[in-house]
Amino acid sequence: MNYKAASSRYDKMEYKRCGKSGLLLPGVSLGLWHNFGGVDTYENGRSIITRAFDLGVTHFDLANNYGPPPGSAEENFGKMLKQDLHPYRDELIISSKAGYRMWDGPYGEWGSKKYLISSLDQSLKRMGLDYVDIFYSHRPDPNTPLEETMGALDQIVRQGKALYVGLSNYTAEQTQKAIDILNDLGTSCLIHQPRYNMMDRWVEDGLLDVLEKNGVGCIPFSPLEQGLLTNRYLKGIPEGSRATRSVFLQENDITEEKIQAVSKLNDIAQNRGQSMAQMALSWILKDKRITTVLIGASSVSQLENSLACLENTSFTSDELSKIEKILAS
Ligand SMILES: NC(=O)c1ccc[n+]([C@@H]2O[C@H](COP(=O)([O-])OP(=O)(O)OC[C@H]3O[C@@H](n4cnc5c(N)ncnc54)[C@H](OP(=O)(O)O)[C@@H]3O)[C@@H](O)[C@H]2O)c1
């Protein structure tokens, strides 16, 4: 069936400036790490992506290795672009990354100029694009000079293969150094993509300050701790859930202590009139230094549920201290 975007797509979504840049991003962005690969049902992915766009989600996040198999999420997204989203290319912010192992040999991972530039060329081919909106160094490389990695990002922008560049998984200190190098080269760092959620709060220890000081945006990934910070596992491990089908979330990660904490958090969420997922996302978005949260979804209903977090992103001090107590226990 031919897709035509909903004319109401910009009615409700709020867009926020990414750091000090000119770019506005939706309050919630969607990532294609899981559920959009060659092993997944294409039509399910397609309905999630088109529904997201209909609800004002303009930002879709990919990486060279998303799948499985690696590369297949970009291939599938390329197919959706061709089939459905092509007329809306100028309404979309599409990102990709390179850093993790993508092909054999010494040039298939980390942060050399050789790898980053070849990898982006491959990503563009898979998606059928002339350029991505944001290209990330997916992880810092301890064995490549930061000047080389940042030089590659600068070159990519100058070649017109990406409009903006970002960093992912860099520590606060590495981020400041990378920002300085990029500034010297004349290409500013748009955004940082760190892991951040109620159960993993390392960014509060310096990174968010560095981003604010430098006017760089922040897009936390795995804001739902891959599904743990939702009602998904409150009554056991459902068949087909990520914990049953991904190496990145194992059944033994779903511990009794975590479920007890989530169950208490869920009571607070219910009192706020939110689902657990919505409260976990709102809790991240309450910090003004956060530009957007980068969620995953395996169904349209999860997507719709998560997006509704934007209806309430403020917390009373009582709610916050109750949440802190649960997280500290
Ligand atoms: N830069 C990096 O190094 C890096 C690393 C990881 C991820 N990322 C990016 O971040 C994106 C999001 O990561 P993530 O998928 O781990 O995010 P997440 O939002 O923490 O987890 C998504 C999973 O949570 C469950 N879920 C989502 N919404 C739900 C809801 N409303 N109610 C109940 N369960 C719900 C689903 O699990 P089920 O599948 O079990 O249904 C879904 O697959 C990725 O796609 C990728 O773009 C980046």
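In the predicted model, strand β7 (residues 162–168) and strand β8 pair in the parallel sense, with four bridges between them. Within this pairing, V165 has C189 of β8 as its bridge partner, and S168 stands opposite Q193 of β8. The chain passes from β7 through helix α5 (residues 172–185) to β8, and these three elements make a right-handed β-α-β unit. Strand β8 itself covers residues 189–193 and is mostly covered, with five of its five residues buried. For β7, six of the seven residues are buried, so this strand is largely enclosed by the rest of the structure.

On its other pairing, β7 is joined to strand β6 (residues 132–137) by five bridges, again in the parallel sense. V132 stands opposite A162 of β7. Here the connection is helix α4 (residues 146–158), and β6, α4 and β7 form a right-handed β-α-β unit. Strand β8 is also paired with strand β9 (residues 217–218), to which two bridges join it in a parallel arrangement. In that pair, H192 has C218 of β9 as its bridge partner. Helix α6 (residues 207–214) takes part in the corresponding unit, since β8, α6 and β9 make a right-handed β-α-β unit.

These pairings belong to an open sheet of eight strands with parallel pairing, in the order β9-β8-β7-β6-β5-β4-β3-β10. Strands β9 and β10 stand at the edges and have a single partner strand each, so one side of each is left without a neighbour in the sheet. In a regular strand, side chains alternate between the two faces of the sheet.

Two of the helices were examined for length and for the placement of their buried residues. The 13 residues of α4 should span 18 Å at 1.5 Å a residue, and this agrees with the 18 Å between its end C-alpha atoms. The buried residues in α4 are T149, M150, A152, L153, I156 and V157. Around the axis these residues cover an arc of only 145 degrees, which puts them on the same side of α4. Helix α1 (residues 42–54) also has 13 residues; from its first C-alpha to its last it reaches 18 Å, close to the 18 Å expected at 1.5 Å a residue. In α1, the buried residues are G45, I48, I49, A52 and F53. Seen down the axis of α1, they fall within an arc of 130 degrees and so line one face of the helix.

The ligand is surrounded by 31 residues, of which the closest are G31, W33, F221, G227 and G296. By class, this shell has nine nonpolar, 18 polar and four charged residues. Strand β10 (293–295) and helix α10 (300–307) each supply at least two residues of the shell. The element that gives the most is α10, with three residues. Strand β10, a contributor to the shell, is also one of the two edge strands of the sheet.

Several loop residues have backbone features that call for separate description. Most residues other than glycine have a negative phi, and most peptide bonds are trans. W110, which is not a glycine, has a positive phi of about 75 degrees. This residue lies in the loop between β5 (93–98) and α3 (113–127). W110 counts as buried because it has 22 C-beta neighbours inside 10 Å. S222, also not a glycine, has a positive phi of about 50 degrees. The loop that holds S222 runs between β9 and α7 (242–245). S222 counts as buried, given its 23 C-beta neighbours inside 10 Å.

Two cis peptide bonds were found at consecutive positions. G67 and P68 are joined by a cis peptide bond with omega of about -10 degrees, and the bond from P68 to P69 is cis as well, with omega near -10 degrees. P68 has its place in the loop between β4 (59–61) and α2 (72–85); P69 is also in the loop between β4 and α2.

K20 lies in the loop between β1 (15–17) and β2 (24–26). With 11 C-beta neighbours inside 10 Å, K20 counts as exposed. K20 and M199 are 179 residues apart along the chain, and their C-alpha atoms are separated by 28 Å.

Methods. Residues numbered from 1 in each chain as written. Predicted model: local features only at pLDDT ≥ 70, side-chain atom pairs only at ≥ 80, totals over all residues. Near = placed C-beta within 6 Å. Nonpolar A, V, L, I, M, F, W, Y, C, P; charged D, E, K, R; others polar. Buried ≥ 20, exposed ≤ 12 C-beta atoms within 10 Å, placed from the backbone. Pairing = 2+ DSSP bridges. Right-handed = clockwise from strand over helix to strand, strands pointing away. Expected span 1.5 Å × (residues − 1). Arc of directions from axis to C-beta.
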